[in-house]
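Me: I have a chain to go through. Let us take it question by question.

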Amino acid sequence: MELGLVIAGGIYVALMGVIDMKKRKIPIVPGIVLFLLFVIMRLIWQTDEYQWLFGIIPAIVLFAVSKGSHGAVGEGDAIVYGVTGVVLGLFKNIELLLISLFFCSLVAGFLFLFRHVGRKYQIPFVPFIALAYGLVVII
């Protein structure tokens with residue numbers, strides 16, 4: 001069951017990464033549906049006494065930042081972290097967040113220095129989440 005969640009979560013994050021690169025917007029409904037499905041599956045086949053529930057804390061924080069920043073951080077990013085939080089748990093989801101922020105900052109620094117983009121240039125973030133997800137799951 002655990003492996004199935006990890007694979008399904010990886011497929012979801014990869015698909016959302018492609019959509020984010022192409023459209024610069026993440027569809028919310030599929031993420032909410034998958035989040036609820038994963039929660040139901042965890043409740044039915046629970047093996048770790050609700051430890052996975054804390055994994056959605058980064059998503060809640062990102063959603064609050066999204067609302068407070070008037071969309072500078074997308075709600076779709078928070079939904080993606082909600083899905084990954086149910087799959088990975090708190091510490092792996094925080095690790096995922098930090099690694100994806102690191103990758104994004106490297107690309108942003110490169111774009112700022114060599115492509116001379118401004119501070120307002122928007123970079124799709126979910127592809128970095130997908131890359132980090134692969135690393136977190138493998139390591």
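Me: Which residue meets R42 in a salt bridge?
Reply: The model is predicted. General chemistry helps here: side chains of opposite charge can pair when their charged atoms come close. In this chain the side chain of R42 is in a salt bridge, at 3.1 Å from N to O. Its partner is E2.

Me: How many residues apart are R42 and E2?
Reply: R42 sits in helix α2, residues 28-44. E2 belongs to helix α1. The pair therefore links distant parts of the chain, and the separation is 40 residues.

Me: Is R42 buried or exposed?
Reply: The cut-off for buried is under 20% relative accessible area. R42 has 2% relative accessibility. E2, its salt-bridge partner, has 36% and counts as partly exposed. R42 itself counts as buried.

Me: What is the N to O distance in the salt bridge of E75 and K67?
Reply: The count of salt bridges comes to two. E75 is partly exposed at 30% relative accessibility. K67 is partly exposed too, at 48%. Their side chains meet at 2.6 Å.

Me: Which helices do the buried residues of α6 pack against?
Reply: Helix α6 covers residues 126-138 and reaches 18 Å from its first C-alpha to its last, close to the 18 Å expected. Its buried residues are V126, F128, I129, A132, Y133 and V136. Seen down the axis they fall within an arc of 140°, so they line one face of the helix. They pack against α1 (2-23), α4 (75-88) and α5 (90-114).

Me: What is the area of the nonpolar surface patch that includes I11?
Reply: I11 lies in helix α1. A patch residue needs over 30% relative accessible area, and I11 has 49%, so it clears that cut-off. L3, I7 and L15 make the patch with I11. Its area is about 410 Å².

Me: Which residue in the loop between α1 and α2 has a positive phi?
Reply: Most residues other than glycine have a negative phi. Here the value is near 60°, in a residue other than glycine. That residue is partly exposed, with a relative accessible area of 45%. It is R24.

Me: What is the phi of H116?
Reply: H116 is in the loop between α5 and α6. At 66% relative accessibility it counts as exposed. H116 is not a glycine, yet its phi is positive, at about 55°.

Key
Residues are numbered from 1 along each chain as its sequence is written. This is a predicted model: local features need pLDDT of at least 70, side-chain atom pairs count only at pLDDT 80 or more; totals for chains, interfaces and linings use all residues. Side-chain values use heavy atoms; hydrogens and water are left out. Helices (H or I, at least four residues) and strands (E, at least two) are DSSP runs, numbered from the N terminus. The expected span of a helix is 1.5 Å times one less than its number of residues. Buried means under 20% relative accessible area, exposed over 50%, partly exposed in between (1.4 Å probe, protein chains only). The arc is that of the directions from the helix axis to the C-beta atoms. Contact means heavy atoms within 4.5 Å. Patches are made of residues with over 30% relative accessible area and no salt bridge: like charges are joined within 9 Å, nonpolar side chains (Val, Leu, Ile, Met, Phe, Trp, Tyr) within 5 Å. Accessible areas come from the Shrake-Rupley method with a 1.4 Å probe; for residues, only the protein chains shown count as cover. A salt bridge is a side-chain nitrogen of Lys or Arg within 4 Å of a carboxyl oxygen of Asp or Glu.
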